[in-house]
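User: Please take a close look at how this chain is divided into parts. Then walk me through the elements of one part, step by step.

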Amino acid sequence: MKRQISLIISLVIMSGYAAAQSSFIFQNKEIKAGTKEHFSIPIVNGQDSTFIPISVFNGVEDGETLGITAGVHGYEYAPIMGAQKLIHSINPQKLKGVVILVQVAGVESFLGRSPYISPVDGRNLNRTFPGEENGTTTERVANFISEHIISRADYFLDMHSGDAPEDLMKYGAYYSNSDMPEISAKGKEMALSLGFDHVVVFNTDGKDYMKADMPSLYCTAEAFKRGIPSIDIECGRLGIMEQDAVDKVTGSVLNLLDYLGFLPLDAKRVEVESPILISNRIYSASNFDGIFYPAKKAGDYVIKGMKLGHVTDYFGVILQTIYAEEDGLLLMIISTPPVNKGEDVTVIAKVD
Ligand SMILES: [Zn+2]
């Protein structure tokens, strides 16, 4: 009798274990436990067609789902190449839960070497969420990501870098809102786990894009509005393929997977001892079209009144000098010559 009971118990345990290793269905395709599958999702409207390359990793143990997007801006190479490395670093045989990784959300922008916007419809994907099922190509891409990836995620990460003209400091960021304290706190922990020295909080209190009847615009904001802890990586600059930035992106995602309990790191996760939190950013814009001459680099500590750069016309006449409005870290500075009226040329981070 005793033996029978222990047999029943072990059968129950075994069947429980078997149930823990379930398949994951994505786009009507079954992804078996402990495997990964790659998808090229066609996005077609009347005139144009494109696709979204997506990798789905299904772990050996049941768990939660992490959605990750790279290449929402197709000229931001460090996250795109970091995502390529993740194909090999995320071992589904050791994974708990599911990772859905968009390799390049804006393939047209990537192949067209087009900063910020898609050359097909002139839209900035990161101002187009939640998208339109029957809209332009970019609107359809946003719609697919909203409805088929963000909608399935328990956690969300969107990865960017400094686009073609932007010299940018590396940082992690999280979305925060006073009405969503727990989700915001989880996002903060996730952002800290990435391992950046600097973590920016995007305070969304009172923002129009957080209103139910207004479009979310940003990929991460779409996730956050749905009550998902949501974070960003900003790593890399000036549309350059720098290997250390690529490695930092990959390492950050692996840190996050370890923190969330999806995939243990081989070694103990190295935590930043005193990360610098940034909640206040000061933008300075150019008042003219013309040529911008930066006087500082991203990451420089600047003092109020310090010259950050100047704008000239096409004959070398100085039209405007940009001075630091506050003490702080230079988070971003435009560092290629073209500048447009109304465009932000510097962002200073006030350190908390
Ligand atoms: Zn971007």
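Analyst: The domain assignment splits the protein chain into domain 1 (21-259) and domain 2 (279-351). Such bounds come from an automatic or database domain assignment. The model is a predicted one: local features need pLDDT of at least 70, side-chain atom pairs count only at pLDDT 80 or more, and totals for chains, interfaces and linings use all residues. Residue numbers start from 1 along each chain as its sequence is written.

How do the two domains sit relative to each other? Their C-alpha centres are 29 Å apart. Where they touch, 11 residues of domain 1 are in contact with 11 residues of domain 2. Contact means that two C-beta atoms, placed from the backbone, lie within 7 Å. On the domain 1 side, β8 (166-168) and β10 (198-203) each supply at least two residues. β8 gives the most, with 3 residues. Helices (H or I, at least four residues) and strands (E, at least two) are DSSP runs, numbered from the N terminus. The touching side of domain 1 holds 6 nonpolar, 2 polar and 3 charged residues. Here Ala, Val, Leu, Ile, Met, Phe, Trp, Tyr, Cys and Pro count as nonpolar, Asp, Glu, Lys and Arg as charged, and the others, Gly among them, as polar.

Now go into domain 1. Start with strand β7 (155-160). 6 of its 6 residues are buried. A residue is buried if 20 or more other C-beta atoms lie within 10 Å of its own, exposed if 12 or fewer, and partly exposed in between, with C-beta atoms placed from the backbone. Look at which way the side chains of β7 go. Tyr155, Leu157 and Met159 point one way. Phe156, Asp158 and His160 point the other way. Residues on both sides are buried.

β7 also has partner strands. In general, strands of a sheet pair through backbone hydrogen bonds, either parallel or antiparallel. Two strands count as paired if DSSP finds at least two bridges between them. β5 (61-69) and β7 pair in the parallel sense over 4 bridges. Across that pairing, Leu66 stands opposite Tyr155. β7 and β11 (230-234) also run parallel, joined by 5 bridges. There, Asp158 stands opposite Asp232.

Next comes helix α7 (243-259). It has 17 residues and reaches 24 Å from its first C-alpha to its last, close to the 24 Å expected. The expected span is 1.5 Å times one less than the number of residues. Many of the names to look for in α7 are buried ones, including Val246, Val249, Val253 and Leu257. Lys248 and Asn255 are also among the buried residues of α7. What do the buried residues of α7 pack against? They pack against β5, α2 (77-89), β7, α5 (181-193) and β11. After α7 comes Gly261, with a positive phi near 80 degrees.

Just before α7 is a loop that starts after β11, and Leu238 lies in it. Leu238 has a positive phi of about 55 degrees, although it is not a glycine. Most residues other than glycine have a negative phi, and most peptide bonds are trans. Leu238 is partly exposed, with 19 other C-beta atoms within 10 Å. Gln27 also has a positive phi, near 55 degrees. Gln27 is found in the loop between β1 (24-26) and β2 (29-31). With 12 C-beta neighbours inside 10 Å, Gln27 counts as exposed.

The backbone has another feature to find. The peptide bond from Phe129 to Pro130 is cis, with omega near 5 degrees. Pro130 is in the loop between α3 (107-111) and α4 (137-148).

Domain 1 also offers a hairpin. β3 (residues 35-44) and β4 (residues 49-58) pair in the antiparallel sense over 10 bridges. The hairpin has 4 residues between its strands. Ile43 has Thr50 in β4 as its bridge partner.

Finally, check the confidence. The mean pLDDT of the protein chain is 94, and 94% of its residues reach 70 or more. pLDDT is the predictor's confidence in each residue, from 0 to 100. Over residues 5-19, pLDDT stays under 50. For that stretch the model has 0 contacts beyond four places in sequence.
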